[in-house]
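Grab a pencil and have a look at the model below before you read any solution. Try each exercise yourself, then check your steps.

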Amino acid sequence: MGIGTSIFLIALGAILTFALDASVGGIDLDVVGWILMAAGVLGLIMTTLIWGRRRAVVTTSEQPVEYRRVEEPVEYRRVEERRDIAPPL
């Protein structure tokens, strides 16, 4: 669960618990609101812990100078064809 989803659950739970004064047959909206807020807080804590561990490890890998690949120089040769000499038999 991400941070956005956790905050959404907390807000929805708070609305159901504190702002809504309706009754639905067989469902206590206050309890549903508290459950949603608890799930949002738990999700926020878990997301923070997982992200904290993921960002704590920073590695860089760079090859030492002697192991780096050096580009070989490219040599261009111009081949000229002479037409004044007869080809070998």
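Here are four short exercises, each with a worked solution.

Before you start: this is a predicted model, where local features need pLDDT of at least 70, side-chain atom pairs count only at pLDDT 80 or more, and totals for chains, interfaces and linings use all residues. Residues are numbered from 1 along each chain as its sequence is written, and side-chain values use heavy atoms, with hydrogens and water left out.

**Exercise 1. Get the overall picture of the protein chain: how many helices and strands does its secondary structure come to, and what percentage of its residues count as buried?**

Step 1: Go through the secondary structure, taking helices (H or I, at least four residues) and strands (E, at least two) as DSSP runs numbered from the N terminus. You end up with 2 helices and 0 strands.

Step 2: Sort residues by relative accessible area: buried is under 20%, exposed is over 50%, and partly exposed is in between (1.4 Å probe, protein chains only). Buried residues make up 13% of the 89 in the chain.

Step 3: Add the surface, using the Shrake-Rupley method with a 1.4 Å probe, where for residues only the protein chains shown count as cover. The chain's accessible surface is about 8500 Å², and carbon and sulfur atoms account for 61% of it.

**Exercise 2. Find the aromatic pair in the whole structure and work out which parts it ties together.**

Step 1: Look for rings of Phe, Tyr and Trp (its six-membered ring) with centres within 6.5 Å; planes under 30 degrees apart are stacked, over 60 edge-to-face, and the rest tilted. The search turns up 1 pair.

Step 2: Phe18 and Trp34 are the partners, edge-to-face, with 5.7 Å between centres and 80° between planes.

Step 3: Phe18 sits in helix α1 and Trp34 in helix α2, so the pair links parts that are 16 residues apart in sequence. Phe18 itself counts as exposed, because its relative accessibility is 59%.

**Exercise 3. Now follow Thr17 and Gly33: are they buried or exposed, and what do they touch?**

Step 1: Thr17 belongs to helix α1 and is buried, because its relative accessible area is 12%. Gly33 belongs to helix α2 and is buried as well, with a value of 0%.

Step 2: List contacts, meaning heavy atoms within 4.5 Å, and skip residues up to four places away in sequence. Thr17 then touches Asp30, Gly33, Trp34 and Met37, while Gly33 is in contact with Gly13, Leu16 and Thr17.

Step 3: Check the Thr17 side chain too: it reaches the backbone oxygen of Asp30 at 3.5 Å.

Step 4: For a C-alpha check, Gly33 and Ile10 are 8.4 Å apart in space and 23 residues apart in sequence.

**Exercise 4. Which residues make the nonpolar surface patch, and which element gives the largest share?**

Step 1: Keep residues with over 30% relative accessible area and no salt bridge, then join nonpolar side chains (Val, Leu, Ile, Met, Phe, Trp, Tyr) within 5 Å; like charges would be joined within 9 Å. A salt bridge here is a side-chain nitrogen of Lys or Arg within 4 Å of a carboxyl oxygen of Asp or Glu.

Step 2: The result is a patch of about 820 Å² made by Ile3, Ile7, Val41, Leu42, Ile45, Met46, Leu49, Ile50 and Trp51. Two or more residues each come from α1 (3–19) and α2 (29–56), and α2 has the largest share, with 7 residues.

Step 3: Compare two α2 residues. Trp51 lies in this helix and is partly exposed at 38%. Thr47 is also in α2, but is buried at 6%, and its contacts beyond four places in sequence are Met1, Gly2, Ile3 and Ser6.

Technical notes
Contact means heavy atoms within 4.5 Å. A polar contact is a pair of N or O atoms within 3.5 Å; within protein, one must be able to donate a hydrogen and the other to accept it, and residues adjacent in sequence count only if both atoms are side-chain atoms.
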